[in-house]
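Me: I have some questions about how the labels on this model are justified. Here it is.

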Amino acid sequence: MDQKEKTKEKPEAFRAQKGMHDMLPADEPYWEKIETAARSLARAYNFGSIETPIMEDAALYNKTSGEESDVVEKEMYTLRTKGGDVLALRPEYTPGICRAYIEHGMSRLAQPQRLFYVGPVFRHDRPQLGRYRQFTQIGYEILGGQNDAIYDAEIITIIANLLAELKIKNPILKINSIGDRVCRPNYKRQLQNYYRNYEKELCEDCVRRLKTNPLKLLDCKQPQCQPFKEKAPNFLDKLCSVCKAHFRATLEYLEEVGISYEVDPRLVRGLDYYNRTVFEFFADGKEEEIGALGGGGRYDYLMEMIGGHATPALGGALGVERIIAVMQAKGIVPPARSPKKVFLAHAGALAKKNAFSLREELRKSGICVTEALARESLGAQLKVADKEGIGLALILGQKEIYEHSVILRDLGAGTQESVLVAKVVDEIKKRLKA
Ligand code: HAM
């Protein structure tokens with residue numbers, strides 16, 4: 001067989017799917033820092049963890065996030081099972097969490113229920129900076145209880161605290177109110193009347209949504225539709241008195257805890273279930289182009305949309321990959337949390353066996369051991385220690401087995417001494433501490 005034929009036979013290498021990423025050990029400090037900070041905030045604010053199935057009935061999202069939202073209309077991964085059910089990979093958590101709240105009768109528990117989550121979501125978006133097809137959301141939801149602005153401020157405060165904890169300074173918080181069932185119909189009509197004048201100049205989606213969901217026009221990202229947003233009627237002028245008071249109270253609570261905000265009357269969010277407060281967080285400076293780091297709002301009607309009772313609810317979610325992208329762009333490096341390690345090497349078959357059980361002893365004593373015990377030559381083993389940057393090695397040879405000892409070698413200084421196995425744990429701990 002000539003070389004050409006050999007190359008032909010080599011199977012094509014697989015690669016991760018477009019817009020999907022591997023999380024490698026080098027990224028671990030970021031993931032660990034973000035998740036630990038998010039979890040400890042969840043605990044501090046009394047949120048319990050929830051995890052829902054990655055797949056749900058696709059209709060759950062059609063009915064809530066909205067059939068005309070980009071997330072459902074263009075980006076949802078759906079599949080038909082052999083039994084004929086149409087399922088979707090979750091494009092977000094919120095509807096699944098509301099389903100779980102109803103399904104498990106959580107309204108009978110103390111209200112409101114505070115729920116925290118972290119996990120993968122899927123959107124068949126066009127991959128670009130900050131836009132992936134599989135990404136990870138961290139979220140906080142408050143379900144049930146009173147329809148009180150103090151909760152709107154609580155969710156926003158938690159997210160602001162998380163970003164502060166991650167050293168992302170001066171994030172931009174954009175906030176708006178999109179009213180409720182009382183004031184929104186009137187505003188929608190005004191928006192339709194305004195946009196009808198420009199129908200010929202709008203993108204295809206906006207022309208269609210103008211009839212069915214005019215609020216969506218304010219969320220359109222097409223360049224040709226941008227100029228019309230500027231002069232569109234302002235929702236804040238049209239809010240009913242109850243929504244106005246709710247919005248004012250939310251802002252006052254934020255001021256109370258020193259969170260600055262920008263009221264953005266064009267902010268409507270891409271999902272259909274929101275009412276009243278909507279918000280988004282961005283990084284400051286040029287990292288703003290990575291996209292919103294987090295967003296959310298109130299969704300008091302969602303439970304009814306899926307067969308539950310009217311239930312005040314709200315929440316917010318952050319995208320972990322975007323947070324990491326911002327941290328890296330800003331040069332924020334979380335400290336590596338990996339423990340100090342010792343390298344265990346053997347010289348000879350009997351010593352290899354003994355080393356295997358010694359590693360168990362050390363592990364039980366809380367010492368992190370790394371090794372290359374499958375290699376036979378001591379030199380080859382110590383090369384691995386060098387590659388991993390480990391400074392302290394334990395070497396076990398035939399002689400040491402009979403003497404119940406091990407050699408403790410300082411790989412940096414090149415010095416070594418013999419230590420009794422009975423004393424080795426204390427000695428290693430002492431040296432690793434130093
Ligand atoms: P969302 O704004 O669609 O809201 O997503 C929340 C966050 O997920 C965004 O702010 C962003 O950081 C991240 N994200 C969104 N799409 C992508 C993408 N393609 N690639 C990378 N990151 C992305 C929701 O999902 C709502 N469920 C939030 C919520 C919770 N509302 C109430 N409760």
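The turns below take the cysteines, then one strand and its partners, then the domains.

Me: This is a predicted model. Why is C220 not in a disulfide with C206?

Reply: A disulfide needs two cysteine sulfur atoms within 2.5 Å. The sulfur of C220 is 3.6 Å from the closest cysteine sulfur, in C206, so the pair is too far apart for a bond. The structure holds zero disulfides. C98 is in none either, and its nearest cysteine sulfur, that of C243, lies 19 Å away.

Me: What makes C220 buried or exposed?

Reply: Buried means under 20% relative accessible area. C220 has 9% relative accessibility, so C220 counts as buried.

Me: And how is C98 classed, buried or exposed?

Reply: The cut-off is again under 20%. The relative accessible area of C98 is 0%, so C98 is buried.

Me: Why is strand β11 called largely enclosed?

Reply: Because seven of its seven residues, 313–319, are buried. Both faces share in this: A313, G315, A317 and G319 point one way, L314, G316 and L318 the other, and all are buried.

Me: How do you know which strands pair with β11?

Reply: Pairing takes at least two bridges. Strand β6 (residues 134–143) has seven to β11, running antiparallel. Here L143 stands opposite A313. Strand β10 (residues 294–298) has five bridges to β11, also antiparallel. There R298 faces L314. Both strands therefore meet the cut-off of at least two.

Me: What are the domains, and how far apart are their centres?

Reply: Domain 1 covers 25–183 + 239–329, and domain 2 covers 341–433. Their centres, taken over C-alpha atoms, are 49 Å apart.

Definitions and conventions:
Residues are numbered from 1 along each chain as its sequence is written. This is a predicted model: local features need pLDDT of at least 70, side-chain atom pairs count only at pLDDT 80 or more; totals for chains, interfaces and linings use all residues. Side-chain values use heavy atoms; hydrogens and water are left out. Domain bounds come from an automatic or database domain assignment. Buried means under 20% relative accessible area, exposed over 50%, partly exposed in between (1.4 Å probe, protein chains only). Helices (H or I, at least four residues) and strands (E, at least two) are DSSP runs, numbered from the N terminus.
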